[in-house]
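Got the model loaded in your viewer? Keep the selection box handy, and we'll walk from one spot to the next.

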Amino acid sequence: MTEQVEEPSMRPSDPRGGPKILTRKRSGAYTWQVIAGSAALGLVVAAGAVLAAGPWDNGQRKAERALAAAGDRTGGAHHGRPTPDGPRPAPSAPAVLPALGTTTRDAPRDPAALRDTLAPLIGAPELGDEVAASVVDTATGEQLYGRGATTPMTPASTIKIATATAALSVLGPDHRIATTAVLSPDSRTLTLVGGGDPTLSRAALRAMAADTADALREEDRDSVRLRYDVSRYAGPVLHPIGPNENLAPVTALMVDEGRADDTDRGPAPRTDDPAGDAARTFAAALRKAGVEVTGAPGEARAADEARTVATHRSVPLSALVERTLTNSDNDLAEALARQTAIAKGESASFAGARRAVTNELKKLELPVAGARFADGSGLDREDRVTPALLTALLARVADPDRPGLRPVLTGLPVAGFSGTLGGRYAPDADGTGLIRAKTGTLRGVNSLAGTVVDRRGRLLAFAFLASGSRHAAEAEPALDALATALAGTGG
């Protein structure tokens, strides 16, 4: 039976567009006179306005800051003198950010009120037999709410938060995964060496083929044998769930995540031989570049003395992490786990990745007791994390002193706008645009972990893990209601 996992929304996360300003041309001399006069008058008016505005403080007028701090004037403001035939004044929007120079870190806390707010929601029958939760203030690390916060639970795809954090911590946000083509000393054998980049594209292989053809021409050669090397990864290539539309065989060489269609996210038919397909695609590109490829590509390890003739590097790890989290990309998550293993000196296998991720989170002084990272994607039901670990991870990546971990936050889907939360909040829902969170869905398992700003301006990290739910379509709105409730607390 195929695992149920989240299917990312195809809605655009960053729609663009805006009104065009139309101008009418007039005679040159007259136009420049008007412009010059207007500019002079504008400077005089601006100077007078600045002088009348009063003192400035850190880039903001003190009078404006005082007005912004008075949060009880939120509507019905008149801007200028109304005319009898003019429209009624629009209500002013409430402030969405605290006034400059204020702090919410020391705002009074009321855990009892938070418990009262969450209690009826966390007990929703739609969430199943067992629900564990943790809510912390990221500025202080203080737990504001907990229910089974240290209970290991099946996290589903929320485990990707741990995978991504470990990868960024070990490798850094600027790391790129290299795919290379190397030529044997006698220039007769060309080997395509996989580095573990699941986003390698056909266009990238064409560019590598062109560079390879140039190098061969310098050697006065126009034909090669082609081999491909996947030795960078070790262990089984099949995930414990077996062949699945949610994940290709995990190899160090593949094109477009081994997808057999033109999609770039979500479930899709997958090839059962991603490395061989990548090599055959490269062979076709070489032929188009004028290189004869003799025989069929075969798997072989590149010779140690082979020289590199073409290289493709992935986008930076920061972008790979964001894509992993926004789209809940399982192939990328498994690649990040293996890249972490390689950097930590472990074998690039499921077992090696488990050790590497666990040890790196320990190095970050995170509470890993009871955690088990059976894979990097969360598809394995043997995975275990606690809500306390997830909120500690989110607090750590929100730490201003750790900017290299920031892509974990920026990659979280935005409610009603992007990724796996793009279709889960209606445009007029209370949580739309306010919640950033990683989703998790397996059959009978539903989870949500992310951040939200409460009414006091505190950035809260939350994790809600539910087990035993009957239908994801019922459990997901119940989880969303919990996150939305946090946005309205603290007033």
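Here is the whole chain, followed by a few stops inside.

**Before you click**

You're looking at a predicted model, where local features need pLDDT of at least 70, side-chain atom pairs count only at pLDDT 80 or more, and totals for chains, interfaces and linings use all residues. Residues are numbered from 1 along each chain as its sequence is written, and side-chain values use heavy atoms, with hydrogens and water left out.

**Whole protein**

Start with the cartoon view: there are 12 helices and 12 strands. These are DSSP runs numbered from the N terminus, with helices being H or I of at least four residues and strands being E of at least two. Switch to a surface and you have about 24400 Å² exposed, 52% of it from carbon and sulfur atoms; such areas come from the Shrake-Rupley method with a 1.4 Å probe, and for residues only the protein chains shown count as cover. Of the 491 residues, 47% are buried. Buried here means under 20% relative accessible area, exposed means over 50%, and partly exposed is in between (1.4 Å probe, protein chains only). Now think about contacts, meaning heavy atoms within 4.5 Å: among those between residues at least 6 apart in sequence, 69% join residues at least 24 apart.

**Stop 1: helix 5 against helix 6**

Select 202-218 for helix 5 and 274-288 for helix 6. The two pack at an angle of about 50 degrees, with axes 8 Å apart. That makes helix 5 oblique to helix 6. For the geometry, axes are lines fitted to C-alpha atoms, for helices over the stretch in contact, and angles run from 0 to 180 degrees between N-to-C directions. Under 35 degrees counts as roughly parallel, over 145 as roughly antiparallel, 65 to 115 as roughly perpendicular, and the rest as oblique.

Next, show side chains. Arg202, Leu205, Arg206, Met208, Ala209 and Thr212 in helix 5 meet Ala278, Thr281, Phe282, Ala285 and Leu286 in helix 6. Sorted by class, this contact has seven nonpolar, two polar and two charged residues. The classes are nonpolar (Ala, Val, Leu, Ile, Met, Phe, Trp, Tyr, Cys and Pro), charged (Asp, Glu, Lys and Arg) and polar (the others, Gly among them).

**Stop 2: Thr179**

Keep Met208 on screen and pick Thr179 in strand 5 (178-183). Leaving aside neighbours within four places in sequence, Thr179 contacts Met208, and its other partners include Leu192, Asp197, Leu253 and His312. At 1% relative accessibility, Thr179 is buried.

**Stop 3: two positive phi angles**

Go to the loop between strand 7 (223-229) and helix 6, and select Asp256. Although not a glycine, Asp256 has a positive phi of about 50 degrees. Glu257, in that loop too, has a positive phi of about 60 degrees and is no glycine either. Which of them is buried? Glu257 is, at 1% relative accessibility, while Asp256 is partly exposed at 29%.

**Stop 4: helix 7 and what follows**

Add Asp329, in the loop between helix 7 (317-327) and helix 8 (330-343). Beyond neighbours within four places in sequence, Asp329 contacts Glu257, Lys160, Arg323 and Thr324. Asp329 is buried at 3% relative accessibility, and its C-alpha is 6.8 Å from that of Arg265, 64 residues away along the chain.

Step back to helix 7, where eight of 11 residues are buried, among them Leu317, Val321 and Asn327. Their cover includes helix 4 (160-171), helix 8, helix 11 (407-410) and strand 10 (435-442). Finish on Ser328, which follows helix 7 with a positive phi near 50 degrees.
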